[in-house]
Amino acid sequence: MYNPSDIVAADVHERLSDRHVLLLTDYDGTLADIAPTPAEATLSESVRLELAALAAFDDVTVGVVSGRRLDDVLERVGPAAEYGAGLHGLEMVGPESAFHHYALDSVESVIARLARDAARELQWCPGVLLENKKYALTCHVRLAPPELGDRALEEFEALAEPQLEARTLKLLTGKQALELLPAVDWHKGRAAEWIRARVVPRVDRPVSIVYLGDDRTDEDAFTALGDEDVVIGVGDRPHTHLIDWRLAGPPSVGRFFARLADYRRGAAEET
Ligand SMILES: [Mg+2]
């Protein structure tokens, strides 16, 4: 009886046994189950331990790449993540450097005003959750009645129409959510490149990225990867030919981490 996680781990190990693995992973829907509210999406103890075991190898580096604020996602993942990217890569940190995209500060006042407007204008819809990330604003309708949620999202988009037309802000579509962000050509693919460029000089082997993600925004990263990298889609959502493997959800991802650690350990013992 083969578990899909075991098959993926065996293949990744075989392809990358002589390379430094840069494991980049999304958080929500990939490491942690999607919860009714973003605050409730916590990492399970088993996935935390499995990720930490993998991060302990000298030839494995872990980074988390999320739409959440950087501090928020780093706190949720814990010390296993040596690199972190928040707001889809607009803010990043690693052991030797940090990055804060210049466009963030220019949208701060616009986001603050839209957060106030949206809170007032969307009061009619029960279950709407506005997540103010200071430089980005997300409208979640997971807890709203479905027929009202769609209308709330339409109104949310309409409120930002002037900023979207002026290309001050751009709109990202999430799972039962819309997000307003600075309209710059920056995404999780840029984050993956930024982190790789910092890991390469620190290690003595060629670096391959293993990227795990469950959402549309993760596809920007998948596109930025090369033949020596591995793309793992989580859940049924990312539909792209760029995916090498698919895992069902966070528990399967945890098991993949554990099996990959077993394989790396076996390889280490052989030599
Ligand atoms: Mg996700």
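Here are some friendly notes on the fold, the main sheet and the two domains of this predicted model.

1. **The whole chain.** A good place to start is the inventory: the protein has 9 helices and 12 strands. Its radius of gyration is 19 Å, close to the 18 Å that the globule rule gives for 271 residues, so the protein is as compact as a globular protein of that length. If you turn the C-alpha trace along its principal axes, the spans come to about 65 × 40 × 30 Å.

2. **Burial and contacts.** Of the 271 residues, 44% are buried. Looking at contacts with a separation of 6 or more, 58% join residues that sit 24 or more positions apart.

3. **Two domains.** How does the domain assignment divide the protein? Domain 1 is given as 4–101 + 186–270, and domain 2 as 103–182. Taken over C-alpha atoms, the centres of domain 1 and domain 2 are 28 Å apart. Where the domains touch, domain 1 supplies 15 residues and domain 2 supplies 16. On the domain 1 side, this contact has 5 nonpolar, 6 polar and 4 charged residues.

4. **The sheet.** Next, have a look at the open sheet, which is built from 8 strands with mixed pairing. Reading across it, the order is β5-β4-β3-β2-β1-β10-β11-β12. Which strands stand at the edges? They are β5 (98–100) and β12 (245–247); each has a single partner strand, so one side of each is left without a neighbour in the sheet. On average, neighbouring strands are turned by 15° against each other, direction ignored.

5. **A pair to trace by eye.** As a general reminder, strands of a sheet pair through backbone hydrogen bonds, either parallel or antiparallel. Strand β1 (residues 20–25) and strand β10 (residues 207–213) take the parallel option, over 6 bridges. If you would like a landmark, pick Leu-24, whose bridge partner in β10 is Tyr-211.

6. **Helices across the sheet.** Two helices are worth following here. Helix α1 (residues 4–16) lies across β1, β10, β11 (230–234) and β12, and runs at about 140° to β12. Helix α2 (residues 45–55) lies across β1 and β2 (60–65), with an angle of about 135° to β2. Strand β1 is thus a handy reference point for your viewer: α1 lies across it, α2 lies across it, and β10 pairs with it in the parallel sense.

Key:
Residues are numbered from 1 along each chain as its sequence is written. This is a predicted model: local features need pLDDT of at least 70, side-chain atom pairs count only at pLDDT 80 or more; totals for chains, interfaces and linings use all residues. Two strands pair if DSSP finds at least two bridges between them. Helices (H or I, at least four residues) and strands (E, at least two) are DSSP runs, numbered from the N terminus. Axes are lines fitted to C-alpha atoms, for helices over the stretch in contact, and angles run from 0 to 180 degrees between N-to-C directions. Two residues are in contact if their C-beta atoms, placed from the backbone, lie within 7 Å. Domain bounds come from an automatic or database domain assignment. Ala, Val, Leu, Ile, Met, Phe, Trp, Tyr, Cys and Pro count as nonpolar, Asp, Glu, Lys and Arg as charged, and the others, Gly among them, as polar. The radius of gyration is taken over C-alpha atoms; the globule rule is 2.2 Å times the number of residues to the power 0.38. A residue is buried if 20 or more other C-beta atoms lie within 10 Å of its own, exposed if 12 or fewer, and partly exposed in between; C-beta atoms are placed from the backbone.
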